[in-house]
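Me: Please take a close look at one part of this model for me. I want the helix packing, with contacts spelled out.

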Amino acid sequence: MNCLVTGAAGFIGSHLCKRLLKEGFSVIGIDSFNDYYSRWMKDKNILPFQNHSQFQLISDNLNDIDLGSLLQDVDYIFHLAAQAGVRSSWGKNFSVYTENNISATQKLLEAAKDSGIKKLIYASSSSVYGLCPELPMTESSPLLPYSPYGVTKLAAENLCQLYFKNFYVPTVSLRFFTVYGPGQRPDMAFHIFFKAIENNTPIPLYGDGKQTRDFTYIDDIVDANVHALDKGKAGEIYNIGGGNRKEMKTIFPILEKITGKEVLLQHFDRQRGDVFHTYADINKAKKVLDFSPQIPLEEGLSREWEWIQKLYNRK
Ligand code: NAD
């Protein structure tokens, strides 16, 4: 069986490639190695498997590739390529988001409709819920994205639904809730927090710290993707959350315990586009995908801390 993983050199994509290769799949990875964060981190991400005999890397932009011929021999697509990040999605940067999140997805779906793929699993996001007043958020809760990033993730999810309804492209959307663990992007909170602790500099805290997030460990996200491959129903959407919902301010004592260091905080106003709460109802994924998050927050954070220390060559 052949899989295509878009965004293969990114945080989640690289973990997924590793797992698919371990499970015996052949994997084609596409990544444009965009400059949102350092190339050396992405090179490090793919290092463990880039020379695997069943892995092929295409270093190019989805918008520039002849996807029609590429998909001839592909059974499953995991579509993770995107311009990530809420805070940088304002202003003139927005076109980067529409290009990479909406146009690239439409191009992939167009090619998929003329291919024999068995499933296309799209990496959607809790950001599609935005200011949703219902907690926990179920798949049928109101979708009120609060950032330009969220708008583009929802647009791409809607495109997946359209191509399923009109052309029977077997799409499955997984709405990931804040993913963390080794390999986490350097713009994400825990990566920033651990790096600051390591450097004995203050942690930037935006807002009053009462905002909540449902944190999901990377291996649980990978599990959900692998389960969706045969259990995910075409045309359906599933919340994928870790069951680790916490107020941000309650995270700092945990970080102090793990690192053995004192946490210094520097307070800033809440950032535009940052939502107040995310909280996933994962009953649908439990029932249909047999999804069951395994990693408690403290365990997952300890693993990320180990990785951060090695990444910055301190260990
Ligand atoms: P990431 O930035 O580490 O990985 C995305 C990769 O896609 C990057 O390596 C980038 O170079 C590549 N890419 C971007 N546009 C491309 C294009 N047009 N063609 C080819 N490659 C392209 O991000 P991540 O955290 O691994 O996120 C992966 C996916 O999961 C994204 O779709 C993101 O929206 C979604 N997601 C992530 C989280 C999270 O907490 N990390 C939460 C919800 C959803």
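Reply: What follows covers two helix pairs and then the ligand site. The model is predicted.

Two packed helices are described by the angle between their axes and the distance between the axes. Start with α1, residues 11-22, and α7, residues 218-231. Their axes come within 10 Å and cross at roughly 60°. That makes α1 oblique to α7. The crossing of α1 past α7 is right-handed. On the α1 side, the contact uses F11, I12, H15, L16, R19 and L20. On the α7 side, I218, D219, I221, V222, D223, N225, V226 and L229 take part. By class, this contact of α1 with α7 has nine nonpolar, two polar and three charged residues.

Now the second pair: α6, residues 189-198, and α8, residues 251-259. Here the axes come within 11 Å, with a crossing of roughly 50°. α6 and α8 are therefore oblique to each other. Their crossing is right-handed. From α6, the contact draws on F190, F193, F194 and I197. From α8, it draws on I251, F252, L255 and T259. The class split for α6 with α8 is seven nonpolar, one polar and no charged residues.

Last, the ligand. It is surrounded by 28 residues, and the closest are D31, Y37, Y149, K153 and R185. A polar side-chain atom of Y37 sits 2.5 Å from a ligand oxygen atom. For K42, a side-chain N or O atom is 3.0 Å from an oxygen atom of the ligand. L80 uses its backbone: an N or O atom there lies 2.9 Å from a ligand oxygen atom.

How values were computed
Residues numbered from 1 in each chain as written. Predicted model: local features only at pLDDT ≥ 70, side-chain atom pairs only at ≥ 80, totals over all residues. Heavy atoms only, no water. Axes fitted to C-alpha atoms, helices over the stretch in contact; angles between N-to-C directions. Helix = DSSP H or I, 4+ residues; strand = E, 2+ residues; numbered from the N terminus. Parallel < 35°, antiparallel > 145°, perpendicular 65-115°, else oblique. Left-handed = near helix turned anticlockwise from the far one by under 90°. Contact = heavy atoms within 4.5 Å. Nonpolar A, V, L, I, M, F, W, Y, C, P; charged D, E, K, R; others polar. Near = heavy atom within 4 Å. Polar contact = N/O pair within 3.5 Å; in protein donor to acceptor, adjacent residues only side chain to side chain.
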